Amino acid sequence: MKTSGRRSSSSGRAAPGNSLGRAGLVLFVLMALLPILFSLGYAAAYSTGTIGLLSDGFTWEHWAAVGRRGELWSSFGLSLYIAFVTVVLTVSLALVLALYLRRPLGYGALSYIIYFPLALPATVAAFLVFQLFSGAGYASRILIRLGLIDGIDQFPGLVHDAFGIGIILAHLGLAVPFFILLFVEIYNTEKVAALAQVAQTLGARRRDVLYRVTVPILLTRCFTNIILLFIAVLGSYEIPLLLGRQAPQMVSVLTMRKYAMFDIAQKPEAFIVALLYTVLVLVLILVAFRKGRTAYGA
Amino acid sequence: MEPRTGTFTRRRLRPAVAALVAALCLFPFLYLLILSLVQEWSFPDVLPEVLSLDLWARVLGGPTALGGSFLLSLAISVGVATASTGAGYVTGKYIAYHPRRQVLLFLAYVPFIMSPVILGTCLMYLYIKADLTGSVLGVMLAQTMFAYGFSIVFFSAFWNTELRALEDLVYTLGGSPYQAYRRVLLPMSKGMLLICFFQTFLISWFQYGLTILIGAGKVQTLPVKVYEYIGEANIYYAALASCLLVLPPALLLWANKRFVFKQV
């Protein structure tokens, strides 16, 4: 989650309590950054045949083979498509609901109930979507009872489908409540109601207030969260593992499958997928950082 | 101005939409609970034929694999949350006041935002060499790496000029770093420490991919159990395991809802 509070400027001078913090940073470097750096270096070396059981010296052959096969591109294509659709639907739905239900979200029972979906892990969300929208799922039972379909074969495939509808539904179930709460929080902390009031006093119509004041403030303030959601969906594992097709697979599932295969010739390809994903994520974090700094006026 | 009829319709519709959203939020929990009580539910019946507390009684009545998984998950999550919150608290402070905090913060985001499975795949070589695969310690270390990144990002936004000024005041008045933490900083950070503990607890509590990868299937946490039951087509046990996975954080979230979005 993205932080919403403004940070102070710092002088960078040493304080007596700094040694503990310095030790913490060293710990973080030793425990997280160095292993990650080493692992990515290992993955790069493995993917170019420099190390590993199949090592025959440096070669781009594995990269060329992955590029030729197309499995990698369809996997990235699917992941990017699912992440993009999820983000667009999540932000749109959450924005509409947060603005329309602002009052019930602030005071009523809904102000409590809306927090419950935050307790759902991806594992359970995937299980629920499978139970609800598979051929013999609950939605199918209801449609049969209503006489709208006669059997499982007439139920539209929403799980293991070509368009990843089940995967998108599961992600929406997890992300929409969070973004509703985030928009409501930003609306309150940024005093959007007061700004809207000022705009109306100056002669703006309700539509102008919505599209020129309210929505731009909300979207600008949560831009980093939107990028983080995109990255999270792009690399999600549990949901596409249960609800996705065998081919193409989302990047995390593909990486894990290629890594865990008995055929060790597939391992370099697992590392290639991991490296390409890492580069993509680092670029996205950089974009989020730069945009975030602009949004906060830093 | 909009037509009065439109406004009237919108106002009348609002409670219905609110009720629908509330129902959608509660439905998953209700459905899981019912599914965990089902003994028989033939297709295409909309309601189950037989409900029973047998599964729950079996799990709560004595030592079972599911009960063991619950306790193991709890122990791992508490350990990960304690370590990452404590370490993130001091590291976040150092980074927040550092002249190059943007670069350091960017680095803190890397483990926090990367796919645990993809990063875990690359990390496996190190874990195998360190003989940490298939062990609880290995799973905890791997999860802590991700939770620690989150904790740093979380706390780097917490430390600000006011806290810095208060800390400086303690030193000006002759206080030691220990006294500054003990008397000023820790009491002021109590709420944030709790939130961070809760969030990092959830990061660990919900983790499946990394656990199955580093734990090599031997560390049977609750999410691992859920997938195991789904794989066996044992949906009633999967629902029961899901209930155990979901109910504690749901109750905690509900109890602490006012904290969730404070500076997060």
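**How the labels on this model are earned**

The contact takes 80 residues from chain A and 78 residues from chain B, where two residues are in contact if their C-beta atoms, placed from the backbone, lie within 7 Å. This is a predicted model, in which local features need pLDDT of at least 70, side-chain atom pairs count only at pLDDT 80 or more, and totals for chains, interfaces and linings use all residues. Residues are numbered from 1 along each chain as its sequence is written, while chains are lettered from A and ligands numbered from 1 in the order in which they are written.

Q: Which helix gives the most to the side of chain A that touches chain B?
A: That's helix H1 (residues 18-47) of chain A, with 18 residues. Helices here are DSSP runs (H or I, at least four residues), strands are runs of E (at least two), and both are numbered from the N terminus.

Q: What makes up the side of chain A that touches chain B, by class?
A: It has 55 nonpolar, 18 polar and seven charged residues. Ala, Val, Leu, Ile, Met, Phe, Trp, Tyr, Cys and Pro count as nonpolar, Asp, Glu, Lys and Arg as charged, and the others, Gly among them, as polar.

Q: Why is A:Arg102 called partly exposed?
A: Because A:Arg102 has 18 C-beta neighbours inside 10 Å. Buried takes 20 or more other C-beta atoms within 10 Å, exposed 12 or fewer, and partly exposed is in between, with C-beta atoms placed from the backbone. A:Arg102 lies in helix H4 (residues 102-107) of chain A and touches A:Val184 and A:Tyr187, not counting residues up to four places away in sequence.

Q: How do you know how the length of H10(A) compares with what's expected?
A: The expected span is 1.5 Å times one less than the number of residues. Helix H10 (residues 206-221) has 16 residues and reaches 21 Å from its first C-alpha to its last, close to the 22 Å expected.

Q: What makes A:Val215 the site of a bend in H10(A)?
A: The bend is the angle between axes fitted to the seven residues ending there and the seven starting there. At A:Val215 that comes to about 35 degrees, and a proline, A:Pro216, follows within four residues.

Q: How does the radius of gyration of chain B compare with a compact globule of 264 residues?
A: The globule rule, 2.2 Å times the number of residues to the power 0.38, with the radius taken over C-alpha atoms, puts a compact globule near 18 Å, but chain B has 23 Å. Its C-alpha atoms fill a box of roughly 75 × 70 × 35 Å, taken along the principal axes.
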